[in-house]
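Colleague: I'd like a close look at one part of this model, and I'd rather have it as one connected story than a list. Here it is for both of us.

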Amino acid sequence: MLSVGNHMMAMTDMPMPLDGTIGATGEQGPEPASGAGEDGTDLADAFRQLTQRLKARPRLPRHAEDPPPPDAQEAAPLRPVKAPPPDPGESVSALLDIIWGAIDLLPQERSMVSDALLLLAPRLNERQLVSLSERLSGMDAPPPLLAARLIRDPRFEIAGPLLEKNAHLSDRDMMAAVGPADSEKLKVISRRRTISPMLSEHVVASGDLGALQILLRNPGAELLFSTYMQVCALAAEHAALQVPLTTRTDLPLPVALELFWCLPPELRRVILSRFLTDSVTLNRIIAILTASGQAEAAPDTEPLPVADLDAALAALTSGRQTEAVGMFSPLAGITEATAWRIVSDATGEPLAALLKVLGVSRAGFTEVTAQLHARGWTIDSQTGGNLQAVFDGLSSNKARTLLIYWDWFTRKTGPYAPQA
C-alpha cells in the first residue's frame, strides 16, 4: 500500500478535478485505499488538506552564514594586491653611498642626489633621521638644503650631531637654526672645534650662561673686542663667567683691566701678574702717550707738592671723599670719575695703584690703609697683609699703566671709544 507522501509525488503532475474524478473521460477512479474513511473521503481531499497544512507551516529563516543565492548580488571585481612601499631608509642609505667620498661625481649628479634626499627626509622616522644626521656630520660637503633642514629640527637628537661636528655648515644657517632660547643647541655650537667671531657674538647675545661658559673655555672660539666687552659686562653680574674669562689666553689687555673692577681679590692678583710688566719698551710707550697728550706726565718727572698730597690723604682718611677726589684728580692726571671709582672700591687694590703713582712710601701706604680700616672702610679684610704685597709688587710703570687704561675707560676714548 502506498503512503500518502508517495501518492502526493505520484499525483503532482496530474490534474485533480474537484469532484474526485481522475480525468475528463468520466471514468471512475480507483477505490479508496484501505484506511480511508467510510464516509467516502477520497485521496484528493487528503492531498488538498496536506497541501494547505504545508503552506500554512512557517518557513525557517536562512542562516547568516549561508551564502546568498547566485543571483542575489554580483561578485565584487578582484583588485590587484599592491606590494608594500620600499623602506625610505634603504633609499637614503643608497643615495648617501653615491656621494660619500665621491670625487668624480658631476655637479648635476650631486645636485640630484641632494634633491632626492630632501624629498625622502619627511618619510623617515626619528631613528632614521638621527642616523642620517650622524652620517652627514662627517661629510666634507653635506647637501646644504638637507643639512639646513636637519639643524632646524626642534628635536635635539637630530640637530645636535650636525651642529657640533660638521665643519662645513655656514654661520648664517646655524644662526637661523639656533635661537636665543635653544639652550641645548647653543651649548652644542659652543663646543665646535672652530667658532667664527660672528657665531661667537650670536652665542654671547643669547645671554645663556651655560653656553657662555663653554664658549669661553673653548680655545677654538674667536671673539671680537666688542664681544669681549659684552662678556665683561655680563661677568660683572654673573660670577660664573669670571674665571673662564680671566684665564682666556687671548683676552685683550683693555678688557682685562676693565674686568679687574668686578673681580674678587684672588682674580685681581691674576690680572696684575699676567698683564702688567716692567720693560724699557713700556717706558717708551708711556713717554709717547704723555708727549701726545693722551696721558698726564708721571709724578716722578714732575715732583708733586707735598702739601697737596698730604691734604688729599688727610681728606681721604677723614672721610671727606668728595674733597679727596677733587685733589687726587689733578695730582694723578686722571678725571674725577676715575678718582671716584678708585676711592669707592672696597678691596683697596685701585687705591694701591693710585698711591704708588703719587709716590707714597711703603710706610705711608700702611698708615693710610690702617686709618681707613679704623674708620670702618672695608678695605678687604687682608688690609695689612696681601694688600700690602700688592702695593709692593706694583712698580711705578705698572701702576701708571692701570691709571691710563682706567682713565681711558671713563673718558670713553682709545680702545673704549664707541664703535661707529
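To start with, is Glu 258 buried or exposed? And what goes on around that residue and its partner?

Modeller: Glu 258 is buried, with a relative accessible area of 10%; buried means under 20% relative accessible area, exposed over 50%, and partly exposed in between, using a 1.4 Å probe and protein chains only. Before going on, keep in mind that this is a predicted model, where local features need pLDDT of at least 70 and side-chain atom pairs count only at pLDDT 80 or more, while totals for chains, interfaces and linings use all residues. Residues are numbered from 1 along each chain as its sequence is written, and side-chain values use heavy atoms, with hydrogens and water left out.

Now the partner. Glu 258 meets Arg 341 in a salt bridge, at 3.0 Å from N to O; the term asks for a side-chain nitrogen of Lys or Arg within 4 Å of a carboxyl oxygen of Asp or Glu. Arg 341 sits in helix α19 (residues 336–344) and Glu 258 in helix α14 (residues 253–259), so the bridge ties together parts that are 83 residues apart in sequence. Helices here are DSSP runs of H or I with at least four residues, strands are E runs of at least two, and both are numbered from the N terminus. Unlike buried Glu 258, Arg 341 counts as partly exposed, at 23% relative accessibility.

Just past α19 there's another bridge: Asp 345 pairs with Arg 268, with the closest N and O atoms 2.8 Å apart. Asp 345 lies in the loop between α19 and α20 (349–357) and Arg 268 in helix α15 (residues 265–275), so this pair joins parts that are 77 residues apart in sequence. Both Asp 345 and Arg 268 are buried. These two also belong to a salt-bridge network with Arg 269 and Glu 349. The whole structure holds 10 salt bridges.

Follow the chain on from Glu 258 and you reach some rings. Phe 260 and Trp 261 make an edge-to-face aromatic pair, 6.4 Å centre to centre with 90° between the planes. For the record, rings of Phe, Tyr and Trp (its six-membered ring) pair if their centres lie within 6.5 Å, and planes under 30 degrees apart count as stacked, over 60 as edge-to-face and the rest as tilted. Phe 260 and Trp 261 are both buried, and ring pairs link them with Trp 406 into a cluster.

Trp 406 leads us into the nonpolar core. It is one of the residues with the most contacts inside the largest core, which has 99 residues; Leu 355 is another. Such a core is a set of buried Ala, Val, Leu, Ile, Met, Phe, Trp, Tyr and Cys residues joined through side-chain atoms within 4.5 Å. Helix α23 (residues 396–411) supplies the largest share of this core, eight residues. Leaving aside neighbours within four places in sequence, Leu 355 is in contact (heavy atoms within 4.5 Å) with Leu 313, Val 360, Phe 365, Val 368 and Phe 391.

Phe 391 has a charge for company too: the charged end of Lys 356 sits over its ring, 4.2 Å from the centre. That label needs NZ of Lys or CZ of Arg within 6 Å of the ring centre and within 35 degrees of the ring normal.
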